[in-house]
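Work through the exercises below with the structure in view. Try each task before reading its solution.

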Amino acid sequence: MKHLTAWALTLLLLLSAVPGGLCVSAESTEADAYFQKLFQRADVIGGGVLISQHGERVFDSCFGVEDRRTKVSVTEDTVYKVASVSKMISAIGVMRLFDAGLIGLDEALPGIRNPRFPDAPVTLRQVMSHTGSLLSSAPYLTPPDWEQIDETDTKFFSKYEPGAHYAYSNLNGGILCSVIERVSGQSFNTFMTENVFSPLGINAAYAAHLLPDTSRLATAYYADKTIYRRGYQYVEIDAKEYDDTCDPDSHYRASVGSLYISLKGLEKLGQVLAGDGTADGVRVLSSQAVRQMRLDQSRLPGSSVSASSPYGLCVTHFTDENGVTWYGHQGRWEGLLTDLFFEPETQTVMVFVLDGVKAANNGQGIHPRAEDALKYASRWVREAERDTYVVREN
């Protein structure tokens, strides 16, 4: 008994020495050590990883603080502004309308036309698979005046016919906000809150002041560790600037990258997408809808998409070096990296967030640190593989 007590005290001392402390882990201390080393190598101010399988948490580990001044440790309840992961979550709202029979994926979007192909409709399926012929550089911070865009345009539309070419565009994500408001008759945030966030008990909103709980909103840092914006500043600015009304002709920006959500909330939405459309016994989408979000849209009968795209319906895929194919989305903004990926066969979900990380990409568009995390998370997908992985030194 004395030996056991001494061992426990030693373990507690070791854990207390780790910056920021640890979340309660349901997996081995070896996995904790791996991710703590990953956070340290990334030289971040705060971050976390949550992994669940079949709706049950199998591992979590958090690092650092939400804010250097307050020194509050990161936990599963910490809220981040998750950048482009917002697009995939906004797509859940679109698919709610699809399940209800209120919207068609191959119907022409009203008022949106590539002037070089005036008879070719731009559809929701194209927009969500980034094949709608919108340019990657298309502005999205202010509403486009679609009627004024003609054949001389060089800002919005490409030379390709809608559906025939892949090009990632932030404006594609912005169109989702307009579509949801036009069809539902509600403000975008109200619709998403009532139909997605509240039923699952998730602390999330598209404006900081509309969060059910603003107390765990993390400070966002640049890669050089200087402050981009403190949590309370997000709240103050959004309270002044965010228009929480239904105005589909003006609202595009929110669904591009403005979602604030807790790590635990991201995990629940990943469970919705990884499984049959439910989480915690609450149905959000039909199983057909979540499956369709992952598919190559060009291979579906009657699809308005002819080009192959790395995106299904706002869901991309990545195959790690262990041969495991992950589906999901990554977000990048200044020094913040956010990832929500899932593996449908085993319903494994991984949430991975780093705050104050250096910008870096490899050829496949996945940040090297996120690639490391996914590679390691493969052990829960393929439990027979127990290789020892090395965290990148650079």
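**Exercise 1. Describe the hairpin of S10 and S11, then follow S11 to its other hairpin.**

Step 1. Start at the turn. Five residues lie between S10 and S11 in their hairpin, and Gly323 in this turn has a positive phi of about 85°. The model is a predicted one.

Step 2. Look at the pairing. S10 and S11 run antiparallel and are joined by four bridges. Thr316 has Gly328 of S11 opposite.

Step 3. Move on to S12. The pairing of S11 with S12 is antiparallel too, over seven bridges. Arg332 has Leu337 in S12 as its bridge partner.

Step 4. Check the second turn. The hairpin of S11 and S12 has two residues between the strands, and Glu334 there takes a positive phi near 50°.

**Exercise 2. Work out the strand order of the open three-stranded sheet, and say which strands stand at its edges.**

Step 1. Recall how a sheet is held together. Strands pair through backbone hydrogen bonds, either parallel or antiparallel.

Step 2. Read the order. The sheet runs S3-S7-S4, and its pairing is antiparallel.

Step 3. Find the edges. Strand S3 (79-81) and strand S4 (204-205) each have a single partner strand, so one side of each has no neighbour in the sheet.

Step 4. Take one pair in detail. S4 and strand S7 (residues 260-262) are linked by two bridges in the antiparallel sense. Ala205 stands opposite Tyr260 of S7.

**Exercise 3. Describe the largest pocket and the second largest pocket.**

Step 1. Recall the idea behind the search. Rolling a probe the size of a water molecule over the atoms shows where empty space is left.

Step 2. Take the volumes. The largest pocket has about 1200 Å³. The second largest pocket holds about 350 Å³.

Step 3. Locate the largest pocket. Its lining counts 49 residues, and Tyr140, Arg253, Val256, Gly257 and Ser258 lie nearest its centre. Among the elements that give two or more residues to this lining are helix H5 (170-184), helix H7 (231-241) and helix H8 (254-257). Strands S10, S11 and S12 from Exercise 1 also belong to that group.

Step 4. Locate the second largest pocket. Here 19 residues form the lining, with Leu109, Pro110, Ile112, Ser178 and Arg182 nearest the centre.

Step 5. Sort the linings by class. The largest pocket has 25 nonpolar, 15 polar and nine charged residues in its lining. For the second largest pocket, the lining has eleven nonpolar, three polar and five charged residues.

**Exercise 4. Which residues of helix H10 (residues 287-294) are buried, and what covers them?**

Step 1. List the buried residues. In H10 they are Ala289, Val290, Gln292, Met293 and Arg294.

Step 2. Name the cover. It includes helix H3 (85-99), helix H4 (124-128) and helix H9 (263-274). S11 and S12 also take part in the cover.

**Exercise 5. Find the residues other than glycine with positive phi at Lys225 and Cys314, and place each one.**

Step 1. Begin with Lys225. This residue is not a glycine, yet its phi is positive, about 80°. Lys225 sits in the loop between strand S5 (220-221) and S6.

Step 2. Test its burial. Buried means under 20% relative accessible area. Lys225 has 15% relative accessibility, so Lys225 counts as buried.

Step 3. Repeat for Cys314. Its phi is positive, near 60°. Cys314 lies in the loop between H10 and S10. Cys314 is buried, with a relative accessible area of 3%.

**Exercise 6. How many disulfides does the whole structure have?**

Step 1. Recall the bond. A disulfide is a covalent bond between the sulfur atoms of two cysteines.

Step 2. Give the count. The search of the whole structure finds zero disulfides.

Step 3. Test one cysteine. For Cys177, the nearest cysteine sulfur is that of Cys246, 9.1 Å away. The cut-off for a disulfide is within 2.5 Å. Cys177 is in no disulfide. Cys177 is also buried, with a relative accessible area of 1%.

**Exercise 7. Step back and describe the whole protein chain.**

Step 1. Count the elements. The protein chain has eleven helices and 13 strands.

Step 2. Look at burial. The protein chain has 394 residues, and 54% of them count as buried.

Step 3. Look at contacts. Take those between residues at least 6 apart in sequence: 66% of these join residues at least 24 apart.

Terms used:
Residues numbered from 1 in each chain as written. Predicted model: local features only at pLDDT ≥ 70, side-chain atom pairs only at ≥ 80, totals over all residues. Heavy atoms only, no water. 1 Å grid on protein atoms, 1.4 Å probe; cavity = no way out; pocket = protein on both sides within 12 Å on 5 of 7 lines; lining within 4 Å. Points joined across faces, edges and corners; volume = space filled by probe spheres on them. Nonpolar A, V, L, I, M, F, W, Y, C, P; charged D, E, K, R; others polar. Pairing = 2+ DSSP bridges. Buried < 20%, exposed > 50% of the residue type's maximum accessible area, 1.4 Å probe, protein only. Contact = heavy atoms within 4.5 Å.
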